[in-house]
Structure formats: structure tokens, C-alpha cells
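This report walks through a single protein model, from overall make-up down to individual side chains. Keep the coordinates open while reading.

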Amino acid sequence: MESPESTEHVRQAAGERTAEAVRTGDEAAFAELAESCRHELRVHCYRMLGSFTDAEDMVQETLLRAWRHRETFRGRAPFRAWLYRIATNACLDALDGPARRREITAAVDSTGGSARSATAEVTWLQPYPDRLLDLAGPAGGDPEAAAIARETVELAFLAAIQHLPPRQRAVLILRDVAGWSAPETGEALEMSTASVKSALQRARATLREKLPERRTQWRAATAPGESERALLRRYVTASRRGDMRELAALLREDARQTMPPAHLVFDGRAAILDMWRPVLEGDRTWGDWHCVPLAVNRQPAVANYVRRPGEDVYTAVNIDVLCVEDGLIAEITTFGPEALPAAGLGLTARPAETTA
């Protein structure tokens with residue numbers, strides 16, 4: 001069995017070889033190393049930006065910056081950590097630029113009155129398909145795998161984080177999610193250790209204010225359990241049948257439905273059912289409604305399609321992401337259908353394709 005000193009020597013030697021390959025412009029070696037980090041970098045950028053689309057763009061920007069400044073990689077820290085530093089600062093630059101500057105939008109209810117919802121106020125928020133999250137965790141029990149396992153991707157957390165000033169957001173993600181030390185975080189962000197600690201304290205306080213009740217702790221990013229999958233099956237069946245009684249039974253009385261793109265909030269089971277009724281019940285003026293189960297942000301979700309009178313195909317309408325508490329739906333977050341291709345589903349489907 002190797003001694004700790006021997007293991008550390010091997011690690012340092014590997015780091016030196018990596019640094020030499022990167023600094024000397026070994027494009028093939030650089031591409032291989034960068035590609036191995038691509039998926040987790042996308043998750044990191046997604047946390048910073050809240051948008052799946054923007055996160056993909058920022059990964060490309062990160063890798064371009066890394067290649068252009070490859071001579072700055074010394075091998076003292078892992079290549080992955082070097083890329084995280086570049087990605088974090090690229091996101092901060094983007095958030096400071098006019099092209100991506102995002103302002104929190106006041107939420108409204110169905111009558112146009114004001115409503116409070118950390119999720120609905122983040123109009124740029126997008127879902128992240130589980131099948132791509134699965135690619136972000138390296139195999140094995142190394143520290144990198146542990147960091148990925150701790151990553152929280154539930155929408156409530158993502159929305160709350162977006163309410164933080166960008167630099168506080170970066171500190172919180174690097175410290176509480178990636179597990180970096182205060183000095184490491186300070187070096188990456190060019191901040192003093194004292195400033196990092198102060199920023200983290202303020203970020204945690206804001207996070208507690210923005211998170212829903214009973215959701216104030218970071219949770220492991222795990223797939224929905226069997227009880228959630230069973231509830232999702234009931235939800236899908238009831239939606240397909242337009243069974244309002246069964247849908248009512250699946251919702252908590254104080255459930256809410258939020259629509260970030262439209263900064264809309266429907267508070268309470270009655271308000272949600274009133275909104276659904278014209279779509280699912282009676283003559284179904286929208287057309288033939290259908291939904292397909294999927295998973296995003298480690299939460300059960302549904303892709304909703306409609307086939308309008310006279311049409312041969314179903315057209316995607318939206319994505320409903322469910323938050324389940326105590327066996328009932330506590331919140332539904334509704335997005336447009338743009339993320340469906342990344343989740344492996346089409347924007348249109350033939351009738352036979354919607355029977356999944």
C-alpha cells in the first residue's frame with residue numbers, strides 16, 4: 001500500500017506533466033483535459049447564471065480563455081480547479097456586462113396584483129435535464145466526485161442564489177457547494193480571506209430569506225425517489241384524462257404554481273385548479289392534451305403537449321417541474337418548452353410517440 005507521501009509525490013508529478021503539456025501548447029492533451037471537465041463546468045456556470053443556455057455559452061468562453069492563457073497554469077492546483085477559477089471569473093464578467101445583466105422582476109398573481117416568489121422573480125431561470133447532470137459527476141470516491149455529489153440543483157436553490165449579488169453568489173458556490181477553502185476562494189476571486197468570510201455570511205443570510213420554509217439546508221443532488229416517481233405517474237395519468245378530482249388530491253392546499261418566464265404566481269390549490277380547468281376539462285378548447293414524464297434538476301417533471309383540432313402532431317407547450325413535500329405537490333414551476341431537445345424530447349411528436 002502506498003504511503004501518503006508517495007501518493008502526494010505521484011499527484012505532484014502528474015500535475016507537473018499536465019502543466020507542461022498545457023503550457024507547451026499540446027492541443028490534443030489540452031482538449032482531452034478540458035473535455036473531461038466540460039459537463040461539471042456547465043453545471044458550475046449554470047449555478048452562476050441560472051440559465052442553461054447561458055451556461056453552455058459560458059463553458060465555451062471558459063475553454064477559449066483557458067487556451068489563450070494556458071501559460072498561466074503552473075500545476076500547483078489541479079487543472080480542474082484552474083478551469084473553475086476561469087469559469088467563475090468569466091461568469092462574473094458576463095454578469096457585469098450589458099448583454100447578460102439580469103434584473104429581478106416583480107412577480108404578479110393571476111389578477112395582476114403583486115406577489116412574492118423568489119422563483120417567479122427570476123425570469124431567465126431555465127431547467128437543467130437530469131440526463132446531462134448525470135454526466136457531470138466523475139466516477140470514483142475522489143474529492144471531485146464528493147464535490148459533485150454535494151451540488152444542489154433544485155430550482156428553489158437556483159432561484160434563491162440568483163437574488164445574490166454576483167460576487168456573493170460566486171463566494172457561496174465556491175465555498176458551500178464546491179467546498180473550496182476561504183483562502184482558495186479569495187485567490188480565485190482576488191479577494192482577501194476576511195472579505196470572503198464576510199461575503200459568505202451575507203450570502204447565507206439572504207439565502208435563508210429567499211428559500212421556502214423547511215428548505216434552508218443544502219441537500220444532496222439525488223434522483224427522485226420511488227414515492228416521487230409514483231406521484232409523478234399519478235399526475236401524468238390524471239392530466240391525460242383531465243381528472244380534476246385526482247389532480248386536486250395530488251396538490252397541497254397551499255400549493256403554488258410559478259411561471260418564471262412570465263413572472264406569474266398562482267397561490268393555493270384552488271387558484272391552480274381554476275387555471276387548469278379550461279385546458280383539461282370540458283370541451284378542451286386547447287385541443288387534445290398530453291404529457292410525458294421526464295426529470296430535470298433532480299426533480300420529477302412533465303413535458304406537456306397539445307394537439308389542436310385538425311392537426312396531426314402534438315406540439316410542446318411547456319415543462320412542469322414538481323416539488324414534492326410529504327407525499328403531495330407543494331410547488332409546480334412552469335417553463336417554456338425550449339429545454340426539451342436537451343432533455344431528449346422533441347418539440348413536436350406523433351401520437352404514438354407520446355405514450356411513454
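## Terms and overall make-up

Buried means under 20% relative accessible area, exposed means over 50%, and partly exposed covers the range in between. The model is predicted.

The protein has 356 residues, and 49% of them are buried. Its secondary structure consists of 13 helices and nine strands. The accessible surface is about 17,100 Å². Carbon and sulfur atoms hold 50% of that surface. Among contacts with a separation of 6 or more, 64% join residues 24 or more positions apart.

## Two loop residues with positive phi

Most residues other than glycine have a negative phi. Two exceptions to check here are a histidine and an asparagine. His263 has phi near 40 degrees, a positive value. Asn297 also has a positive phi, near 50 degrees.

Where do these residues lie, His263 in the loop between which strands? His263 falls between strand S3 (251-259) and strand S4 (264-267). Asn297 is in the loop that runs from strand S5 (288-296) to strand S6 (299-307).

Is His263 buried, exposed or partly exposed? His263 has 25% relative accessibility, so it counts as partly exposed. That value is not under 20%, the cut-off for buried, and not over 50%, the cut-off for exposed. Asn297 is at 0% relative accessibility, so it counts as buried.

## Helices H3 and H4

Helix H3 covers residues 52-68, a run of 17 residues. At 1.5 Å a residue it should span 24 Å, and its end C-alpha atoms are 25 Å apart, which agrees. The buried residues in H3 are Phe52, Asp54, Ala55, Met58, Val59, Thr62, Leu63 and Ala66. What do they pack against? The partners are helix H2 (27-49), H4 and helix H5 (130-133).

Helix H4 covers residues 79-96 and has 18 residues. From first C-alpha to last, H4 reaches 26 Å, close to the 26 Å expected at 1.5 Å a residue. Of its 18 residues, 14 are buried, so H4 is largely enclosed by the rest of the structure.

## Aromatic pairs and charges over rings

How many aromatic pairs does a search of the whole structure find? The search gives nine. One of them joins Phe73 and Trp82, with ring centres 5.1 Å apart and 45 degrees between the planes. This pair is tilted, because an angle neither under 30 degrees nor over 60 is classed that way. Both partners are buried: Phe73 has a relative accessible area of 3%, and Trp82 has 11%.

Ring pairs also build a cluster from Phe30, Trp67, Phe73, Phe79 and Trp82. Trp67 has a charge over its ring as well. The charged end of Arg70 sits there, 3.9 Å from the ring centre. A second arginine, Arg80, has its charged end over the ring of Tyr84, 4.6 Å from the centre.

## Cysteines without a disulfide

The whole structure contains zero disulfides. Cys45 is in none, and the nearest cysteine sulfur, that of Cys91, is 3.8 Å away. Cys91 is likewise in no disulfide, with the sulfur of Cys45 as its nearest cysteine sulfur. A disulfide needs the two sulfur atoms within 2.5 Å, so a pair 3.8 Å apart does not qualify.

Are these cysteines buried or exposed? Cys45 is buried, with a relative accessible area of 0%. Cys91 is buried too, also at 0%.

## Two arginines compared

Arg256 is in strand S3. At 18% relative accessibility, Arg256 counts as buried. Leaving aside residues up to four places away in sequence, Arg256 touches several residues, including Arg116, Ser117, Asp267, Glu331 and Ile332. Val265, Phe266 and Gly268 are also among its contacts.

Arg204 belongs to helix H10 (residues 193-210). Its relative accessible area is 37%, so Arg204 is partly exposed. With residues up to four places away in sequence not counted, Arg204 touches Leu172 and Asp176. Arg204 and Leu164 are 40 residues apart in sequence, and their C-alpha atoms are 9.5 Å apart in space.

Note on methods. Residues numbered from 1 in each chain as written. Predicted model: local features only at pLDDT ≥ 70, side-chain atom pairs only at ≥ 80, totals over all residues. Heavy atoms only, no water. Phe/Tyr/Trp six-rings, centres within 6.5 Å; stacked < 30°, edge-to-face > 60°. Buried < 20%, exposed > 50% of the residue type's maximum accessible area, 1.4 Å probe, protein only. Lys NZ or Arg CZ within 6 Å of the ring centre and 35° of its normal. Helix = DSSP H or I, 4+ residues; strand = E, 2+ residues; numbered from the N terminus. Contact = heavy atoms within 4.5 Å. Areas by Shrake-Rupley, 256 points an atom, 1.4 Å probe, with all protein chains shown as cover. Expected span 1.5 Å × (residues − 1).
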